[in-house]
Amino acid sequence: MLIMNLIEFNEKIYSQTSFWLSKLFEDFGVKIIIGLELEVYLKGKSNFDKIDISSINMRFEEATNLECKFESERGHNQFELVVRHCDLAKNIDNIIKIKSLVKNVLNIDHRDLIAIFNAKPNESLPGSSIQLNISFTNSTIQDQGFNLKHAKIIAAGLLYFMPFDFPILCPSLSSYKRINNGDKMFTPQCFSWSINDRRAGVRIVNNKSSGVTYVEHRVASSETNILSLIYTAVRSIYWSLRCNFSLPEIYSDENCQINLFPSRIKLALELSESHGEKINIQQFDSIDLIKEDQKNHKNSLGEQGGKWKNIVRNRF
């Protein structure tokens, strides 16, 4: 029954994500361009120094028709799959299955390897995340290029809804271990945006020498449902274009302390509920997909002391 409910839940989110992508194009002529960085730890008997990365990259590209790069990360036996920027509407089916593809591709040549998507599998090692790299295009931008003004529209939308969406972005106990116990120079800590500081939840990359500009959505843990993550981003961008949300102050140590992320799932759920009431979330979301997922999280809370049970969920 739980698996069936989750399948139905994912189908609803897929349908609603498609709706917002269509609305973005119909109302603004906008196509979302997205890249993805997924961190994963590998466990097994294989000699990690002898893993054929070039072969793995080739298999990923064959399986997805996307430009991908599998490479080592900072943690011991930690790797990262980088999916280069692509048209989200055309490639969403492959993007939301990236976790399954990681497992399937690795099993072709390295059957003993296990992909671990735990956000903080070891207290002494860096955490794992899913980062979305977002821009958009339309007929005007094709001529002028995506720039800082456009990036600020995306950042404003993400931050406007982020307190409400937070239980979706950080759905598990280890998600909060990543935030609370991670490297404070590389792990996002607060509802803020920056150009250079990685402690902000949203970072705008604005490389003037190369002319490359995009927005990093840095909050989600590696356990986050990729489809839910994309849904929240697309909905946020649409309403930011529609409502012209104002961007809060740029990151500083002072405003970061004021706007710190919740440190526990219970606090995240409380923040989500209060923020949803504050912004009247019903005017932005036509169906209660987020609330349905929050109910799943609430039902997973232990009875003694509200402890969070790390229940394995059927996620894309």
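This briefing describes the strands, helix packing and selected residues of one protein chain. The model is predicted, and the protein in it has 11 helices and 8 strands. Of its 316 residues, 53% are buried, and among contacts with a separation of 6 or more, 76% are between residues that lie 24 or more positions apart.

**Strand β3 and its partners**

- Strand β3, which spans residues 78-87, is mostly covered, since 8 of its 10 residues are counted as buried.
- On one side of the pairing list stands strand β1 (residues 31-43), which runs antiparallel to β3 and is joined to β3 by 8 bridges; within this pairing, isoleucine 34 has cysteine 86 of β3 as its bridge partner.
- Strand β2 (residues 68-72) also pairs with β3 in the antiparallel sense, here over 5 bridges, and the bridge partner of cysteine 68 is valine 83 in β3.
- The strands β2 and β3 form a hairpin with 5 residues between them, and in the turn asparagine 77 has a positive phi of about 65°.

**Leucine 81 within β3**

- Leucine 81 has its place in strand β3, and because its relative accessible area is 0%, under the 20% limit, leucine 81 counts as buried.
- When residues up to four places away in sequence are left out, leucine 81 touches Leu36, Glu37, Leu38, Phe60, Cys68, Lys69, Phe70, Ile98 and Val102.
- Some of these contacts can be placed on elements described here: Phe60 belongs to helix α2, while Ile98 and Val102 belong to helix α4.
- Glutamate 71 lies 10 residues from leucine 81 along the chain, and the C-alpha atoms of the two are separated by 6.6 Å.

**Strand β5 and its partners**

- Strand β5 (residues 130-137) is mostly covered, with 8 of its 8 residues buried.
- Ile130, Leu132, Ile134 and Phe136 point one way from β5, whereas Gln131, Asn133, Ser135 and Thr137 point the other way, and all of these residues are buried.
- The pairing of β1 with β5 is antiparallel and extends over 8 bridges, with lysine 31 standing opposite threonine 137 of β5.
- Strand β8 (residues 212-217) runs antiparallel to β5 and is joined to β5 by 3 bridges; in that pairing, asparagine 133 has glutamate 216 of β8 as its bridge partner.

**Packing of helices α2 and α4**

- Helix α2 (residues 53-64) packs against helix α4 (residues 98-109) at an angle of about 130°, and the axes of the two helices are 10 Å apart.
- Because this angle falls outside the ranges for roughly parallel (under 35 degrees), roughly perpendicular (65 to 115) and roughly antiparallel (over 145), α2 and α4 are oblique to each other, and their crossing is right-handed.
- From α2, the residues Ser55, Ile56, Arg59, Phe60, Ala63 and Thr64 take part in the contact, and they meet Ile98, Leu101, Val102, Val105, Leu106, Ile108 and Asp109 of α4.
- By class, the residues of this contact between α2 and α4 divide into 9 nonpolar, 2 polar and 2 charged.

**Packing of helices α6 and α10**

- The axes of helix α6 (residues 148-169) and helix α10 (residues 265-279) cross at roughly 140° and come within 7 Å.
- The helices α6 and α10 are therefore oblique to each other, and the crossing that they make is left-handed.
- On the α6 side, the contact involves Tyr160, Phe161, Pro163, Phe164, Phe166 and Pro167, which meet Ile265, Ala268, Leu269, Leu271, Ser272, His275, Gly276 and Ile279 in α10.
- The residues of the contact of α6 with α10 divide into 11 nonpolar and 3 polar, with no charged residue among them.

**Arginine 111 in a loop**

- Arginine 111 lies in the loop between helix α4 and strand β4 (114-116).
- With a relative accessibility of 70%, which is over the 50% limit, arginine 111 therefore counts as exposed.
- Although arginine 111 and glycine 44 are 67 residues apart in sequence, their C-alpha atoms are 8.8 Å apart in space.

Note on methods. Residues numbered from 1 in each chain as written. Predicted model: local features only at pLDDT ≥ 70, side-chain atom pairs only at ≥ 80, totals over all residues. Heavy atoms only, no water. Axes fitted to C-alpha atoms, helices over the stretch in contact; angles between N-to-C directions. Helix = DSSP H or I, 4+ residues; strand = E, 2+ residues; numbered from the N terminus. Left-handed = near helix turned anticlockwise from the far one by under 90°. Contact = heavy atoms within 4.5 Å. Nonpolar A, V, L, I, M, F, W, Y, C, P; charged D, E, K, R; others polar. Buried < 20%, exposed > 50% of the residue type's maximum accessible area, 1.4 Å probe, protein only. Pairing = 2+ DSSP bridges.
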